[in-house]
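Good morning, and thank you for making time for this presentation. I should like to take you through one structure, a few residues at a time.

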Amino acid sequence: MTKAYDPNNIFARILRGEIPNKTVLETPHTLAFHDIGPQAPVHVLVIPKGAYVDFAEFAAKASAEELVDFHRACAQICDMLGLTGPDGYRAITNAGSHGMQEVPHYHLHILGGRVLGRLVSPD
Ligand code: AMP
């Protein structure tokens, strides 16, 4: 079961305008901004404006309008940032302690601009 949404998480505060962000795209239901600690030349976070803790909760509970808006925004961002060519990119999301999610508001990382290595390293 997904844990309760914390309205004081850092992305909720960004959505309320309490913390600045470097916006890439804003749509009615979605905000995308540059990650503060980029792991690649392109590292953008895409978040729904609604209060969803993680991917599973967003996928289960968001309206059709929110779901379409979010994914179309992702496509637009890939296009805007030049990621749709043959070199590609990575879109990933972390959830919970096993996924090592730091911020408990659903976000998709879009990374590109270099070879990104394997998705999961053995340890
Ligand atoms: P995750 O570990 O999947 O929860 O990723 C959280 C991401 O949020 C990390 O990549 C952080 O660098 C990023 N982050 C944390 N605070 C901010 C902020 N104020 N603005 C932009 N990105 C942030």
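**A loop, a strand and a ligand**

I begin with Gln-39, which lies in the loop between β2 and β3. Helices here are DSSP runs of H or I with at least four residues, strands are runs of E with at least two, and both are numbered from the N terminus. Before going further, I note that this is a predicted model, in which local features need pLDDT of at least 70, side-chain atom pairs count only at pLDDT 80 or more, and totals for chains, interfaces and linings use all residues. Residues are numbered from 1 along each chain as its sequence is written, and side-chain values use heavy atoms, with hydrogens and water left out.

Is Gln-39 buried or exposed? Gln-39 counts as exposed, because its relative accessible area is 52%. The cut-offs are these: buried means under 20% relative accessible area, exposed means over 50%, and partly exposed lies in between, with a 1.4 Å probe and protein chains only. A polar atom of the Gln-39 side chain lies 3.0 Å from the backbone oxygen of Gly-37. That is a polar contact, meaning a pair of N or O atoms within 3.5 Å; within protein, one must be able to donate a hydrogen and the other to accept it, and residues adjacent in sequence count only if both atoms are side-chain atoms. Setting aside residues up to four places away in sequence, Gln-39 touches Leu-111 and Arg-114, where contact means heavy atoms within 4.5 Å. From C-alpha to C-alpha, Gln-39 and Phe-11 are 18 Å apart in space, and they are 28 residues apart in sequence.

The backbone nitrogen of Gln-39 leads us to the next residue, since the side chain of His-43 reaches that nitrogen at 3.0 Å. His-43 is found in strand β3. With a relative accessible area of 6%, His-43 is buried. Which side chain makes a polar contact with the side chain of His-43 at 2.8 Å? The partner is the side chain of His-109. Beyond its neighbours within four places in sequence, His-43 is in contact with eight residues that I list in full: Phe-33, His-34, Asp-35, Gly-37, Pro-38, His-109, Ile-110 and Leu-111.

Strand β3, residues 42-48, also holds Leu-45. Leu-45 is classed as buried because its relative accessible area is 4%. Its contacts, leaving aside neighbours within four places in sequence, include Phe-11, Leu-31, Phe-33, Asp-35 and His-109. The C-alpha atoms of Leu-45 and Thr-93 are separated by 9.6 Å, although the two residues are 48 residues apart along the chain.

I turn now to the ligand. Which of the 16 residues around the ligand come nearest? They are Asp-35, Asn-94, Glu-102, His-107 and His-109; a residue is near a molecule or strand if one of its heavy atoms lies within 4 Å of it. An N or O atom in the side chain of Asp-35 is 2.5 Å from an oxygen atom of the ligand. For the side chain of His-109, the corresponding separation from a ligand oxygen atom is 2.8 Å. A polar backbone atom of Met-100 is 3.3 Å from an oxygen atom of the ligand. Among the elements, α1 (10-15) and β2 (30-34) each supply at least two residues of the shell around the ligand. It is α1 that gives the most to this shell, with three residues.

Met-100 deserves a further word. Met-100 lies in the loop between β4 (90-92) and β5 (108-112), and Met-100 counts as exposed because its relative accessibility is 66%. Its phi is near 55°, a positive value in a residue other than glycine. Most residues other than glycine have a negative phi.

I close with Asn-9, placed in the segment before α1. Why does Asn-9 count as buried? Asn-9 counts as buried because its relative accessibility is 4%. The Asn-9 side chain reaches two backbone atoms: the oxygen of Asp-6 at 2.8 Å and the nitrogen of Ala-12 at 3.0 Å. Leaving aside its neighbours within four places in sequence, Asn-9 is in contact with Val-103, Pro-104 and His-105.
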